[in-house]
Amino acid sequence: MPDSRFLYINLEDLLVRLTATALKWFKQRQCFKSDSVLPGTGASAEDLAQNALLEILLDDSLWKPKAPDEDPFPVLVTIMKHDFLDMIKSARYNRTEVVDAPDEETNKHGYISPKAAILARQLHSVVGNDPALMEYVDAVLVCGLYKREDIAELLGITPRQASDRRAKLRIKLASWRESESPKKGE
Amino acid sequence: MPKKKLRPPTKTEEDQLFDALLGPDEDLDVESAREIVEAYGTNPSELVSKLKARLDEEARQFRLRGMSVPPLIQNTLQNLRTGPAPDPVATDPVAWLDGLLGGTLQLAKEQVAYSLRPRKPGDQLSRNDQRILDTLNDEIEDEEKTN
């Protein structure tokens, strides 16, 4: 009986979503390019996405869709996340903390935690000339709001507008990282 | 692969902050993802080419070892060469039914069907009723995770 899985999926769309998701995690670890490797691991965001897909292709018990065109993205993201966590836990990965936020910085600006203060320092340089994005970032890092609806209510905008700001931040952050990162060979 | 790998890992504080700022991973749509990948200077078609090269190599290794290429790799390579096939429910219902009966496709997810005794609006379930429902729900979820 023929197995029809992966015949009906738009693989380019799937791969793009997986790679963008991996890029977000790599960004958290200070990797700035889609093909730059996580220090000590030799793996890039592209590798992580491909590896997760290969895992599911080699073990056909991992994904049994309920419809022929079902999206395998959620299960692949979960597999990919486990692989990513394994990588950063590995002995070969020695993470160097590039930035550190002293307690007084956290307290002075009212950030919800030292981690939030570190993130704010990075993000404010990205969105500094955009007041709408600045207040969006502060709604999370200062006011501690995690839900889109709560952020929208605080800022007096619609949830749709909050999503738009979030999308704008994603793109701006991706572009900024690219332009700020050291070029190959430097 | 251990089945626990199919359960989403616990999110750290940093993960939650990034989710709040940039959106949860599962909400990422194709258009946004494409913009992000392109902002990093990567052409989506390059990603596809690299995947195809890797799968071609995987298939070659299987053949070199005298083994047959796994069907999912064959399907993916076929998809990469000719593009995704049209929706089989509309175009090839027999193959779709074969998939269902052969176990490579599953019907809709099982879940508890609630049939509660009549209550006034605003009434809470008794602790015993809630415990029974929670237990049933957990059993179904555990069963799905082990399958």
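What share of the contacts in chain A with a separation of 6 or more comes from residues 24 or more positions apart? It is 50%, and that figure is a handy place to start our walk through this predicted model. In chain B, 39% of the contacts between residues at least 6 apart in sequence join residues at least 24 apart.

Let us begin with the overall make-up of each chain. Chain A contains eight helices and zero strands, so to speak a plain run of α-α-α-α-α-α-α-α from the N terminus on. Chain B follows with seven helices, again with zero strands, and its elements read α-α-α-α-α-α-α from the N terminus. Burial can be read off for both chains: 39% of the 186 residues in chain A are buried, while 17% of the 147 residues of chain B count as buried.

Before looking at details, it helps to know how confident the predictor is. For the complex it reports an ipTM of 0.79 and a pTM of 0.73. Chain A has an average pLDDT of 82, with 76% of its residues scoring at least 70. Along residues 181-186 of chain A, the pLDDT falls below 50, and this stretch makes two contacts in the model beyond near neighbours in sequence. Where pLDDT is low, the predicted coordinates should not be read in detail. Chain B averages a pLDDT of 80, and 77% of its residues score at least 70. Among the elements of chain B, helix α3 (residues 44-64) has the highest mean pLDDT, 95, and helix α5 (residues 88-91) the lowest, 66.

Now for a closer look inside chain A, at a pair of helices. α1(A) and α3(A) pack with their axes 11 Å apart, at an angle of about 35 degrees, and their crossing is right-handed. Which residues meet there? From α1(A) come L14(A), R17(A), L18(A), T21(A), A22(A) and W25(A), and from α3(A) come F73(A), L76(A), V77(A), M80(A) and F84(A). By class, the residues of this contact are nine nonpolar, one polar and one charged.

Another spot worth visiting in chain A is A162(A), which sits in helix α8. Why does A162(A) count as buried? The reason is that A162(A) has 22 C-beta neighbours inside 10 Å, and the cut-off for a buried residue is 20 or more. Leaving aside residues up to four places away in sequence, A162(A) touches R148(A), I151(A), A152(A) and I157(A). I112(A), for its part, lies 50 residues from A162(A) in sequence and 20 Å from it in space, C-alpha to C-alpha.

Finally, let us turn to the place where the two chains meet. The contact draws on 60 residues from chain A and 59 residues from chain B. On the side of chain A that touches chain B, at least two residues each are supplied by α1 (11-28), α2 (45-58), α3 (73-89), α5 (114-127), α6 (131-141) and α8 (159-180) of chain A. Which helix gives the largest share of that side? It is α1(A), with twelve residues. Sorted by class, the residues of the side of chain A that touches chain B comprise 30 nonpolar, eleven polar and 19 charged. Thus α1(A) appears twice on our route: in the packing with α3(A), and in the contact with chain B.

Methods:
Residues numbered from 1 in each chain as written. Chains lettered and ligands numbered in written order. Predicted model: local features only at pLDDT ≥ 70, side-chain atom pairs only at ≥ 80, totals over all residues. Contact = placed C-beta atoms within 7 Å. Helix = DSSP H or I, 4+ residues; strand = E, 2+ residues; numbered from the N terminus. Nonpolar A, V, L, I, M, F, W, Y, C, P; charged D, E, K, R; others polar. pLDDT = per-residue confidence, 0-100. Buried ≥ 20, exposed ≤ 12 C-beta atoms within 10 Å, placed from the backbone. Axes fitted to C-alpha atoms, helices over the stretch in contact; angles between N-to-C directions. Left-handed = near helix turned anticlockwise from the far one by under 90°.
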